[in-house]
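Colleague: Could you take me through one part of this model up close? I would like to hear about the salt bridges, and then how that part sits with the rest of the chain.

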Amino acid sequence: MSVAKEGYPFIAVAWVIQIVLGLVAWPWALLWLPIAVWVIAFFRDPVRTGPRGEDLVIAPADGKVVSIVQIEESDFHAGTVTRVAIFMNVFNVHVNRYPASGSVDYRRDNPGRFLNAASEKASLENEQNSLGLVTVRGKILVRQIAGLVARRIVTDHSEGEKVRQGDRLGLIRFGSRVDLFLPLSADIRVAVGDHTKAGQTVVAEWT
């Protein structure tokens with residue numbers, strides 16, 4: 001199983017604790033073992049294959065669709081868009097992936113609070129990183145949002161870089177959310193309550 005490099009220090013600490021407890025406090029080692037295993041699982045980075053193409057928008061995150069709404073997005077789209085919000089719990093894969101191929105035309109890293117990422121206020125007040133993509137079919141904004149436990153957002157690319165659909169976008173540590181902002185012309189293919197897989201689930205199709 002492939003593991004994201006950001007997880008190496010956390011995995012090392014978890015297993016040093018496991019070894020120490022095994023040497024000096026065996027009963028506690030049994031209690032700690034599930035945590036040590038979970039740390040590895042949290043940072044897993046599986047290979048994802050699935051539908052690809054200019055007409056498709058692929059899920060940027062593993063998780064549950066918690067809202068689909070039309071809102072005003074003034075920073076990148078400068079107009080009304082459809083926002084698809086995907087909430088990731090601590091058991092989901094937390095590596096994020098690009099929903100389409102294109103160029104990174106916009107990036108903003110905004111500090112903020114650490115509210116429950118599933119709440120509506122999180123999209124406005126929580127720490128977040130936004131990436132705006134220009135694709136052959138239109139603009140897409142991907143926003144990584146920190147949650148209650150998340151304290152670190154990793155975004156791999158900067159303005160001007162070319163990216164490919166399904167490639168790694170970044171990672172958020174320990175429970176969070178990813179919002180996808182699409183033009184109204186995009187035909188949404190998921191519903192609230194659906195579960196998505198990054199780089200695999202078709203979220204929308206261009207019409």
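Modeller: Happy to! Let's start with Glu6, which is buried, with a relative accessible area of 15%. This is a predicted model, so please read every value below as computed from predicted coordinates. The side chain of Glu6 meets that of Lys5 in a salt bridge, with 3.6 Å from N to O. Lys5 itself is exposed, at a relative accessible area of 53%. The cut-offs are worth having in mind here: buried means under 20% and exposed means over 50%, so Lys5 and Glu6 fall into opposite classes.

The pair does not stand alone, since Lys5 and Glu6 are linked with Asp156 and Arg168 in a network of salt bridges. Within that network, Arg168 bridges to Asp156, and their closest N and O atoms are 2.6 Å apart. This second pair connects distant parts of the chain: Arg168 belongs to strand 10 (residues 168–172), while Asp156 sits in the loop between strand 8 (153–155) and strand 9 (162–163), 12 residues apart. Arg168 is buried, with a relative accessible area of 16%, whereas Asp156 is partly exposed at 31%.

For another example, look at Arg164 and Asp167, which form a salt bridge with 3.1 Å between the closest N and O atoms. Here Arg164 is exposed, with a relative accessible area of 57%, and Asp167 counts as partly exposed at 29%. The full count comes to 13 salt bridges. As general background, side chains of opposite charge can pair when their charged atoms come close.

Now for the nonpolar side of the picture. The largest nonpolar core has 27 residues, and those with the most contacts inside it are Val57, Val84, Tyr98, Ile140, Leu180, Leu182 and Val203. Strand 10, the home of Arg168, is one of the elements that give two or more residues to this core, along with strand 3 (79–88), strand 6 (128–134), strand 7 (139–146), strand 11 (176–183) and strand 14 (202–206). Val84 makes a good place to zoom in: leaving aside residues up to four places away in sequence, Val84 touches Val65, Ser67, Ile68, Val178, Asp179, Leu180, Ile188, Val190 and Val203. Apart from this core lies another, of 12 residues, among them Val3, Ala4, Ala36 and Val95. In soluble globular proteins, nonpolar side chains tend to be buried together.

The aromatic rings are worth a visit too. The structure holds four aromatic pairs. One of them joins Trp38 and Phe42 in a tilted arrangement, at 5.5 Å centre to centre and 50° between the planes. Both residues are in helix 2 (residues 26–42), and because they are four residues apart there, about one helical turn separates them. Trp38 counts as partly exposed at 25% relative accessibility, while Phe42 is buried at 1%. A second pair, Phe76 with Tyr106, has ring centres 5.6 Å apart and planes at 35°, so this pair is tilted as well. Phe76 lies in the loop between strand 2 (63–73) and strand 3, and Tyr106 in strand 5 (residues 102–110), so the pair ties together parts that are 30 residues apart in sequence. Phe76 is buried at 7% relative accessibility, and Tyr106 is buried at 9%. Back at Trp38 and Phe42, ring pairs link these two with Phe10 and Phe43 into a cluster.

Phe76 has a charged partner as well: Lys139 lies over the face of its ring, at 4.7 Å from the ring centre. The loop between strand 2 and strand 3 also holds Ala78. That residue has a positive phi of about 55° although it is not a glycine. For context, most residues other than glycine have a negative phi. Ala78 is exposed, with a relative accessible area of 63%.

Stepping back to the whole chain, there are three helices and 14 strands. Of its 207 residues, 49% count as buried. Among contacts between residues at least 6 apart in sequence, 70% join residues at least 24 apart. The chain exposes about 9,700 Å², and carbon and sulfur atoms supply 59% of that area.

Note on methods:
Residues numbered from 1 in each chain as written. Predicted model: local features only at pLDDT ≥ 70, side-chain atom pairs only at ≥ 80, totals over all residues. Heavy atoms only, no water. Salt bridge = Lys/Arg side-chain N within 4 Å of Asp/Glu carboxyl O. Buried < 20%, exposed > 50% of the residue type's maximum accessible area, 1.4 Å probe, protein only. Core = buried A, V, L, I, M, F, W, Y, C linked by side-chain atoms within 4.5 Å. Contact = heavy atoms within 4.5 Å. Phe/Tyr/Trp six-rings, centres within 6.5 Å; stacked < 30°, edge-to-face > 60°. Lys NZ or Arg CZ within 6 Å of the ring centre and 35° of its normal. Areas by Shrake-Rupley, 256 points an atom, 1.4 Å probe, with all protein chains shown as cover.
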